[in-house]
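Student: Hi! Could you walk me through the sheets in this one?
Tutor: Happy to, let's look together.

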Amino acid sequence: MKLVSKHVDKHGAGHVTLRPEDDEDMWHLYNLIQKGDSVRATAIRRVQKTSNTGSIDSQRVRLNLTVEVNRVDGSSANPTTASLHISGRVISENRHVKLGAFHTLDIETERDVRIEKADGWDSIALARVEEAIVPGRGAEVGAVVCGEGTAAFCLLSEHMTLVAARVSVSIPRKAAASGTSQHEKALTKFYGTLFDGFIRHIPYSNVGLKAIVIASPGWIKDSVFDHLMQEAGRRGDKVLQKSLKEKCVKVHISSPHVHSLVEVLQSPQIVSQLKETKFARESIALDKFHKMLSTDELRAWYGPEHVVLAADRGAIGTLLISDELFRASDPETRKKYVALVEAVQQKGGEVVIFSSMHETGQQLNQLSGIAAILTFPLDIEVVEAEEKEAEEQRKRTEEDES
């Protein structure tokens, strides 16, 4: 993402103009732009003109429109397309479009987008802008999740897990001589299809790719790796051979499904290679929370009300929070979570914001989207009883004063 301009005062008022460059930038914009914001971008609009003779001429005109956002669609629902659709009423004068008319802005790469926040730019939104404009992002892990006759090619970047393609070949069981022949033919077809898919979808020559993961139950991962190496040698592809030798990690998983990538990210081999990347930190934090929940549940809290209570007592060591919570349609709800994040950080706690485009983020969303690892144990029932007593005391004090 390129930062074209930024004019935001200390109170959060102002606007930011960004130029998206890839799919992940669309993901950032999807999370930045909310209902009620003002967005200005290039649009194509069909305009009709009436000539002196009364004939009507219709033509498409490129113009700049500003809309008050009513709806945002695109990257979240379909992350494989680098586009974003922002619908709303036109709020700036334009000789081709009436004020108040509805229009949908189709945001595309290499086109500037000017954003003005309805309630001002808070710390989370500004941090996302700073994060988005850091150069050198992109896919950091290429993964092949394999089963018997099946494979999924995945790209993991800092914020997204993208399933680039899937292949499936029916492989009959090994039986008699004729069965063995059919089995071998199917295996040959599968490995050939897998190799072609690997070449097409895994950017193995990119210097930014930190690891190539081949994951499967049982022995399949070893056979896939051996075939890739043999075929690379047969074709004289030295770049692929070098990448497989230096970057490839074989990981055992319990099932050949994409959701098993969570197991991959928690494996010691991957953790050691990717400990600096955001999605690895998410996976480590979630794994730590689940272990704490099973061994010391008084230090593992989840749910909005309970986590806020823990934060009020300065007990949170690590806050796990989903980016979905910052997209709440109610501005007050978003402000509540922004204030929670800032409060935890001010007291020295760590905040890990999970991407809902990763398996880890989806798992956290199943726990209400928010959880906390406490620095010291707290009994929820005791804390709730103390809160109830404090509330009753406050009411008695108000009654006495009145």
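Student: How do strands β8 and β9 pair?
Tutor: In this predicted model, β8 (residues 141-147) and β9 (residues 150-156) are antiparallel, with 7 bridges. Strands are DSSP runs of E, at least two residues, and helices are runs of H or I, at least four, numbered from the N terminus; two strands pair if DSSP finds at least two bridges between them.

Student: Which residue in β9 is the bridge partner of Val141?
Tutor: Leu156.

Student: And what is the strand order in that open sheet of 5 strands?
Tutor: The order is β10-β9-β8-β11-β12, with mixed pairing. β10 (161-168) and β12 (248-252) each have a single partner strand, so one side of each lacks a neighbour in the sheet.

Student: Switching over, which strands stand at the edges of the sheet β13-β16-β14-β15?
Tutor: β13 (300-302) and β15 (350-354) do. Further in, β14 (residues 316-322) and β16 (residues 370-374) run antiparallel, joined by 5 bridges, and Leu320 has Ala371 as its bridge partner in β16.

Student: New topic: is Pro268 buried or exposed?
Tutor: Pro268 counts as exposed because its relative accessibility is 64%; buried means under 20%, exposed over 50%, partly exposed in between (1.4 Å probe, protein chains only). Pro268 sits in helix α7 (residues 268-274).

Student: Any fine print?
Tutor: Residues are numbered from 1 along each chain as its sequence is written, and side-chain values use heavy atoms, leaving out hydrogens and water. Local features need pLDDT of at least 70 and side-chain atom pairs count only at pLDDT 80 or more, while totals for chains, interfaces and linings use all residues.
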